[in-house]
Amino acid sequence: MNDNDLFDNIFADDEIEAVVEDADRSSSADDFFDDIFADETEAVVEDVDGASFATDESIEKWKISDVDSPFPTTSRNIENIKEWKMLVVDDDEDVHTLTRLSLDNFIFDNKPLQIMGAYSGKEGQQILTEQPDIALVLLDVVMESHSAGLHLARFVRKTLHNQFIRLVLRTGYPGDAPEREVVVSYDIDGYITKTELTVNKLFSFVMSSLRAYKTIMTVEGYRQGLERKVEERTRELAVKEEQYRTVADFTYAWEYWVDPTGNHVYASPSCERITGYSADEFIQNQVILESIIHPDDRKTIIGHKHLVTETGEIEPIEFRIITRSGKARWISHVCNSVYSENGDYLGQRGSNRDITDQKWMEEVARAQEKRFRIFFNSVDDAIFVYPLRQEGFASFIEVNDVACKRYGYSREELLKLTAKDITKKVDAEQHVAPDQHQKLLETGQMVFEGVHIKKSGEKFPVEINSNIVEQYGQMVILAVVRDITQRKQAENELKNAKRAAEAANRAKSAFIANMSHELRTPLNGILGYAQILERDKRLDDDHKTKLDIIQQSGNHLLNLINDILDFSKMEAERMELFESSFAFLPFIENIVAMVKVRADKKDIRLNFEAEPNLPVAVRSDEKRLSQVIINLLNNAIKFTEHGGITFSVYRRTESTETSPPKGEEASSPALWEEVREMATSKVPNSFGKICFQITDTGIGIPSDKLTDIFSPFKQVGEQALMIEGTGLGLAISRKLTRLLGGELQVKSRLGEGSTFWFDLNLDEVEAWQNTQKVEKQHIIGFEGEERTILVVDDVFHNQGVLINILEPLGFKVIAANDGQEGLNKAIEFRPDLILMDLVMPIMDGYEATQRIKKNQPDTKVIIVSADSSRVTANIHKKPPGDDYLQKPIYMTELFHKLQTHLKLTWIYETEEEHNALDLVDQADIIPPPVTELVSLLESAQMFDFIEIAEQLACIEAMDKKYKPFVLHMQGFVESFDADDICEFVAQFL
C-alpha cells in the first residue's frame, strides 16, 4: 500500500467531497455582490478540492510543520527522540530483573531502550498518565487483584484514550485469563504466557512492538498533517464566506443606496439594529431618515458636504438620531457619489456607523481628564513630566500649577526647560548618575534627595520621587518633587538637640564618675575605722549598736555609688565586657560562700545545686557575671524571712525540663508548674546554654508589678525593706544579662516566693586542667636579672598595694606621685615597665605616657586606672600605652601581663615549701569569732592584703589559741592569693 492509498483509507472520498460541497454551497449569494469576492471564493474551493489529491511532497511538508499535535508522539519528533520507553508492570521483582537483563543494551533504530517499572496496576496507571509517550507495556494480569492487568489495559484505551501504546499481556496464570476471551474483550496487541516468553521471544516481541509503534506514529503524523491542512483550508473558506456575508449585509454599519432621484433603493439589515426601523420601512417610507435626525443636528446633516483630507479620505460628519424607542444615538456618517465607467451618475452610497459607545467613552475620558487635572494642579507637590531618554535631558511636556508657582516660572517658560535647568549643578550630575539611572530603568521608581533652584536663584532642598509610566503611547518620567525645607530644618534642630543631649549626658557621666571617685576616698576611711572600732573590746552594747548603724549606712552608700555609676554607664551605652577564662564551678562556689554569710545571719537556708555535666572552665566577663548573681542572691535574702533559697546551675539542653529544686516542691507546686512551662517555651532548642536559677520562699511579687521591678529606682515590697536598696539592682542586672547575651526573667506568686533565671551561651575553655594547675601554684619570684618597675599613682594607698605585691617577688619598685614626676623618674631610672595611672594632678597619665613613649619607645607602659569610663572611651583608639589594667587589680591578670611584656619565667613555690606553711593539722585550727571571719572575708574580696595582715595581728593578740589559724592565713597573704583566703575562711562560717 502506498502513501496515497493509506491516506485514502484514512479520509474517505465521500468525506472530502462533502467538505467541498459545503464550500460550494457557501459561495452562493445575490448577483449584486458576485463581483466583490468571486475570484477569491473560487480559489478557496479549488484549494479544498485539491486537498484530496495530496502528493508525497505535500505530505512531507505537513510532517515538518507538525508542531502542536495533541498526541504524545508525532512523525515530526519520533525521529528526534533520544530513547524508546517501555513499562514493565508486574508485582514480581524477578520479572523486572530478568527483563532488564534480557534487554540489556537493546538498540532499535539507533536509539536505546529505557525500561521503567511498576509493581501494581495502580502504580502503572499513575506512570502512564504522567508519561503518555511510552511505546510498549509488558503487562502482568494477576497483581493486587486477579484482573489488575486487564483493568490497566482498559484504563489505557478507555480512560486515557491512548491507542498508540503497544499493550502485551504476559501472564503466569493463563487459566485465569484465557487468551481467546482476553483478545476478544480487551484492545491489546499481544498475549503470551511467561513460560513461553524466552529471551529471544522477548527480544522479538519488543522489536516488533517498537516497529509497529514507530509505523503507527508515523502514519498518525501523516494523518494529523492532512487533517490540519483540511482544517486550515476549511477555516480560510469560512473566512471568505464571512467576508462575503459581511459585504452582503454592508458590514456591521448601517449602509444604504440612493438612486439618482434621491430614493432609497437599499438599506442593510444593520439599520434595524441601530434605528429600530427595518430595511423595508426605509425603502417604503423615504422620509424616515430625515424624520429621525435629532432636531438640533438637522442643519448639520441636510445639504452637508464632506471634506476630503490630503490622503484622499473623506472626513465623517457626526450627528444624533432618535430611535424608534425614543433613545438618542450618535451616528458617524460618510457618503460619496457613485459613477459608472462611462461617467454616468448612479446615485450615492452612504455608511452610518453607531458611535454612541465611543461618544460615551470620550465623555468619560473627558471627565477623567478633568478630575485628573484638578488633582494634578491641587496637590502640594510640584509635578514634572518629561520623556524617558537613555541619556541626556528632554524638555518637560507637562507641569502642574504648583511647579509654576513654586519655581517662579510661567507654564510656557517651564515647558522650555529640562530637569537639569532647575537642578543645582552638583545635583544635576547626580541626577543622571549611571547607577541611579540604571536603578530607575530596572525598578521603574527611584526616590532621592537633591537641591533645586528657583527662577530667582534661590536654592531649596527637595525629595524627588521619579516613576516611569506610559502616557499616550510613549514612556515618560513622572517626577513628584516635594519641598523638604521644613523637614531639613527639623532634622538639623534634632541633630543639634541630640548633640546637646549627648554633651549633657557626657557631662552627667563625667560628674557621676568624678563624684563617685571623690566619695569613695572618705567612705573607705569611714568603713575602715568602723571595722577597727568593731574589734575594740572597750565598746559597750550601746556603742556597738551605733557602730553597726554606721557600718550599715556606709555599706548602703557604697552600694548606691556603685549602682549609680554602673547605671550611668549603661544609659550612655558605654558599658563594655572584658572577657577572661576562669574555672566555672569554683567561681560559683566562691559567690555562694560570700553570700552565705548574710543568709546565715538571717537564719535562712541557702542551697546550692550544680549538675555534674557543667563545663570545667568558661570564658566570659567574670566581674559582670558575678555582679548579676550576687545581686539576685542578695535580693532573695533581703525579701525572704522564712524558709530558704535555692541556687541552681545546670546545662540546658533540648530535652531539659525545668523542675523545682529538691525540697521545694511543696512550697508552691502551681508556681513551679508555671516556671517550668515558661522556661521550656522560652528556649525550646537552646542546646548548650547554662541556666542560672534562683528560687526563694520570700514575700513574692504582685503580678501587676512584675514589669516595674526592672525599672530604674522602682522598688516593690514592704516600705521597711525599700530603704535597704537603691532601686537600681534589678535594672542593672537585666541590662548586664542582656550585655552577656541572655535575658533575665522572673516568675512570682505573692506570698509564696519568686524565681529569677537567665540562660547564657558560655564558651567552654579547652585544656583548662593544665592551665589551672599552673595558676594555682604560688609565684615566689622570677628567673634572670632584676627588673625595675615604676609605679605612677597620686594615691599613696594604691602605690602601697602594688609595692607590697611586686617587691616580695624580687622587683625593684620606684614610686611617683604624678605624671610629671613619673616622666622625670622614667628618664632617670629607665625602668623596664611602667604602671601608669590616668587621673593625676600636674600631668595626667595619657600625656605622661605619650612623652615617655616618644623618648623611650622600648619601655613597656601598662595603663592602670579605676576610671573605666576613660579607658573604655579610648579602647577603640590606639592607646598611648602597650596594655591596660582595670582597678581593682587581680594578681593573676597582673602577673600574666608582666610575663607577656617582660618575657618572664616565673619561679613557683615547691610542694615542700608549700607544705611547710601548713605545719599545723587542720583539725587543730581554732577559728576566731564570726565577726573577725566576716571582716577577713570582706578584706579579701577587696584585695586589701595590708588590712588582712593587720587583722591577723589583732586576732593573734586576742588569744594564743588562734595562732595556728593566723599561721595558716599568713601563707596565703605572702602569696597574695585572695581566692584561697576566701575559700579557707568560708569553711568556718
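These legends describe close-up views of a predicted model. The model is predicted, and local features need pLDDT of at least 70, side-chain atom pairs count only at pLDDT 80 or more, and totals for chains, interfaces and linings use all residues. Residues are numbered from 1 along each chain as its sequence is written, and side-chain values use heavy atoms, with hydrogens and water left out.

**View 1. A negative surface patch takes in Asp-91, Asp-92, Glu-93, Asp-94 and Glu-144.** Patch members have over 30% relative accessible area and no salt bridge; like charges are joined within 9 Å, and nonpolar side chains (Val, Leu, Ile, Met, Phe, Trp, Tyr) within 5 Å. Asp and Glu count as negative, Lys and Arg as positive, while His and the chain ends are not counted. Each charge is placed at NZ of Lys, CZ of Arg, CG of Asp or CD of Glu. Asp-91 sits in the loop between strand S1 (84–89) and helix H5 (93–102). Helices (H or I, at least four residues) and strands (E, at least two) are DSSP runs, numbered from the N terminus. Asp-91 is partly exposed because its relative accessibility is 40%. The classes are buried (under 20% relative accessible area), exposed (over 50%) and partly exposed (in between), with a 1.4 Å probe and protein chains only. Accessible areas come from the Shrake-Rupley method with a 1.4 Å probe; for residues, only the protein chains shown count as cover.

**View 2. Arg-157 and Asp-187 form a salt bridge.** A salt bridge puts a side-chain nitrogen of Lys or Arg within 4 Å of a carboxyl oxygen of Asp or Glu. By this rule there are 36 salt bridges. For Arg-157 and Asp-187, the N to O distance is 3.7 Å. The pair links distant parts of the chain, 30 residues apart. Arg-157 belongs to helix H7 (residues 148–159); Asp-187 lies in the loop between helix H8 (179–185) and strand S6 (190–193). Is Arg-157 buried or exposed? Arg-157 is buried, at 5% relative accessible area. Asp-187 is partly exposed, at 42%.

**View 3. Arg-619 and Glu-579 form a salt bridge.** Their closest N and O atoms are 3.8 Å apart. Arg-619 is in strand S19 (residues 617–620) and Glu-579 in the loop between helix H20 (541–571) and strand S17 (580–583), so the salt bridge ties together parts 40 residues apart in sequence. Arg-619 is partly exposed at 37% relative accessibility. Glu-579 is also partly exposed, at 46%.

**View 4. Arg-851 and Glu-847 meet in a salt bridge within helix H29.** The N to O distance is 2.8 Å. Helix H29 covers residues 845–855, and the two residues are four apart, about one turn of the helix. Arg-851 is partly exposed at 38% relative accessibility. Glu-847 is partly exposed at 31%.

**View 5. Salt bridges link Glu-449, Glu-463, Arg-487, Lys-488 and Glu-491 in a network.** Which residues of this network are Glu? They are Glu-449, Glu-463 and Glu-491. Arg-487 and Lys-488 complete the network.

**View 6. The side chain of Thr-640 reaches the backbone oxygen of Ala-636.** The distance is 2.6 Å. A polar contact is a pair of N or O atoms within 3.5 Å; within protein, one must be able to donate a hydrogen and the other to accept it, and residues adjacent in sequence count only if both atoms are side-chain atoms. Thr-640 sits in the loop between helix H22 (622–638) and strand S20 (644–652). Thr-640 counts as buried because its relative accessibility is 0%.

**View 7. Asp-603 and Arg-830 have positive phi values.** Neither residue is a glycine. Phi is about 60° for Asp-603 and near 45° for Arg-830. Asp-603 lies in the loop between helix H21 (584–601) and strand S18 (605–610). Arg-830 lies in the loop between helix H28 (819–829) and strand S28 (833–836). Asp-603 is exposed, at 68% relative accessible area. Arg-830 is exposed too, at 54% relative accessibility.

**View 8. Two residue pairs are shown by their C-alpha separations.** Lys-459 and Thr-485 are 26 residues apart in sequence and 10.0 Å apart in space. Lys-459 is in strand S15 (residues 459–471) and is partly exposed, at 48% relative accessible area. Leu-101 and Val-199 are 98 residues apart along the chain, with 9.3 Å between their C-alpha atoms. Leu-101 lies in helix H5 and is exposed, at 61% relative accessibility.
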